[in-house]
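Let's take a walk through this fold together, from helix contacts to the sheet. Please keep the sequence and the 3D view open as you read.

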Amino acid sequence: MSQVLVDGSNPEGGASFSAAALAAVDALLAPVDADLARRYPGDSGTRQPVHTVYVPADAFEAGTVADWGRRALAAFDTHAATPAQLAEALGVPADDLVADVHARVRAKLEREPIEDLRIDFEDGYGPRPDAEEDAAAVRAAELVAAAVAEGSAPPYIGIRIKCMEAAVRDRGIRTLQLFLSTLLASGGLPEGLVLTLPKVTYAEQVTALVRLLEDFEQRAGLPAGRIGFEIQIETTQAILGADGRATVARMIEAAEGRATGLHYGTFDYSAACGVSAAYQSMDHPVADHAKAVMQVAAAGTGVRLSDGSTNVIPTGPTEQVHAAWKLHHDLVRRSLARAYYQGWDMHPAHLPTRYAAVYAFYREGLAAAAARLAAYVAKAGGDVMDEPATARALSGYVLRGLDCGAVDPAEVTGLTGLDRKQLDALAGR
């Protein structure tokens, strides 16, 4: 077989590509190379939270995170005090995995009950007099700044503003301005700041937020692109436009590199599709279709995905709590299997099953993933011949487990022979 060199010559003689042809190919594909690099930069390598907790702005207090942790622990200790009780609630075997997960869930609820907190000025807050919402926006920023300064804030925290539709646009923009300017005056923007733009129907609404953030950064002397935001996909127009074309990819493009996530809105989207209230769920076919479109649009862009929530709250007698827990646990496991590694939690009693599902997902597959990674690095083959893309997926799986506390660094290194830096490299981070 012949080898074509960069100058167009053929070491074995005979016909070859000319230098002019090779230069023409490079010229032809240079814009494509640049476009691929811009549109599909891959994952940022930063931690993705396993959930987002939404708290109405008027209910957010300095002790909200600690209070959610206490209430989650109280539910856990009341209704799943032992591994056997947890197994019974979730309908899984009472084995060593459940015992391990039980201990880790309890430790997580004590240490870091919330990974991502969104202070809600939209549906969870509703319309209020302007003076009241102004005061709430300033107060929220001051509380966030204080929590960050004292180290009690979750890793990610921010606000959900009202949408860009005409009726509430000015109000949402004013709340955003007050929140950001107060944060700046109170010590600066936190590293884990997250903004959420809801009910997006047209890509131009995303562009509008980009222009506002550009203006704010310039006037505040911040680096360009410092402030990113999530896009909530909860309208049918966000999935399919009036012209019959998929819309969500255009919204990612309209964000001009600022989009950090796409969050599926279970109930708004289901209602927009005409689904009856009793059947609105994360596992309804309309939800699966929307999330599949989101997944393909976001693939390779570095924009992360989040599933929605269940509105079945685990309260009341143990039998009722266990039924709600099993529903929540199974929905979270379903999302994880479909590569939706984040979701919403609406109540403190959702936290035990959020972490139980997440931790079991990463722990039960750790040994197999570690063995395949070790074999891949050693070029040993094994039972499965993995390719670089699969090695990226395997290392990404292990890294997610590390980030949320499902697995430990020493445990991973012992099984794979790889440290965090080597895993990051295999994951393409």
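In this predicted model, the axes of helix α13 (residues 366-378) and helix α15 (residues 409-416) come within 8 Å and cross at roughly 50 degrees. The two helices α13 and α15 are therefore oblique to each other. On the α13 side, the contact is made by L366, A370 and A374, which meet E411, V412, L415 and T416 of α15. Sorted by character, the residues of this contact of α13 with α15 comprise 5 nonpolar, 1 polar and 1 charged.

A second helix pair invites a look alongside it. Helix α6 (residues 169-185) packs against helix α7 (residues 203-220) at an angle of about 30 degrees, and their axes are 12 Å apart. That angle makes α6 roughly parallel to α7, and the crossing of α6 and α7 is right-handed. From α6 come I173, L176, Q177, L180, S181 and L184, while α7 contributes L209, L212, L213, F216 and A220. The contact of α6 with α7 counts 9 nonpolar residues, 2 polar ones and no charged ones.

Here are the two helix pairs in brief:

| Helix pair | Angle | Axes | Contact residues |
|---|---|---|---|
| α13 and α15 | roughly 50 degrees | within 8 Å | 5 nonpolar, 1 polar, 1 charged |
| α6 and α7 | about 30 degrees | 12 Å apart | 9 nonpolar, 2 polar, no charged |

Now for the aromatic rings. How many aromatic pairs does a search of the whole structure find? The search gives 7. One of them is formed by F361 and Y397, an edge-to-face pair with 5.7 Å centre to centre and 70 degrees between the planes. This pair links distant parts of the chain, since F361 belongs to helix α12 (residues 351-364) and Y397 to helix α14 (residues 388-404), 36 residues apart.

Finally, the sheet. It is an open sheet of 8 strands with parallel pairing, in the order β7-β6-β5-β4-β3-β2-β1-β8. Which strands stand at the edges? They are β7 (304-306) and β8 (343-345); each has a single partner strand, so one side of each is left without a neighbour in the sheet. On average, neighbouring strands of this sheet are turned by 30 degrees against each other, direction ignored.

Within the sheet, strand β5 (residues 229-233) runs parallel to strand β6 (residues 259-264), and 5 bridges join the two. Among the residues involved, F229 has A259 in β6 as its bridge partner. Helix α10 (residues 285-298) lies across β5, β6 and β7, and runs at about 165 degrees to β6.

Notes. Residues are numbered from 1 along each chain as its sequence is written. This is a predicted model: local features need pLDDT of at least 70, side-chain atom pairs count only at pLDDT 80 or more; totals for chains, interfaces and linings use all residues. Side-chain values use heavy atoms; hydrogens and water are left out. Two strands pair if DSSP finds at least two bridges between them. Helices (H or I, at least four residues) and strands (E, at least two) are DSSP runs, numbered from the N terminus. Axes are lines fitted to C-alpha atoms, for helices over the stretch in contact, and angles run from 0 to 180 degrees between N-to-C directions. Contact means heavy atoms within 4.5 Å. Angles under 35 degrees count as roughly parallel, over 145 as roughly antiparallel, 65 to 115 as roughly perpendicular and the rest as oblique. A crossing is left-handed if the near helix is turned anticlockwise from the far one by less than a right angle, and right-handed if clockwise. Ala, Val, Leu, Ile, Met, Phe, Trp, Tyr, Cys and Pro count as nonpolar, Asp, Glu, Lys and Arg as charged, and the others, Gly among them, as polar. Rings of Phe, Tyr and Trp (its six-membered ring) pair if their centres lie within 6.5 Å; planes under 30 degrees apart count as stacked, over 60 as edge-to-face and the rest as tilted.
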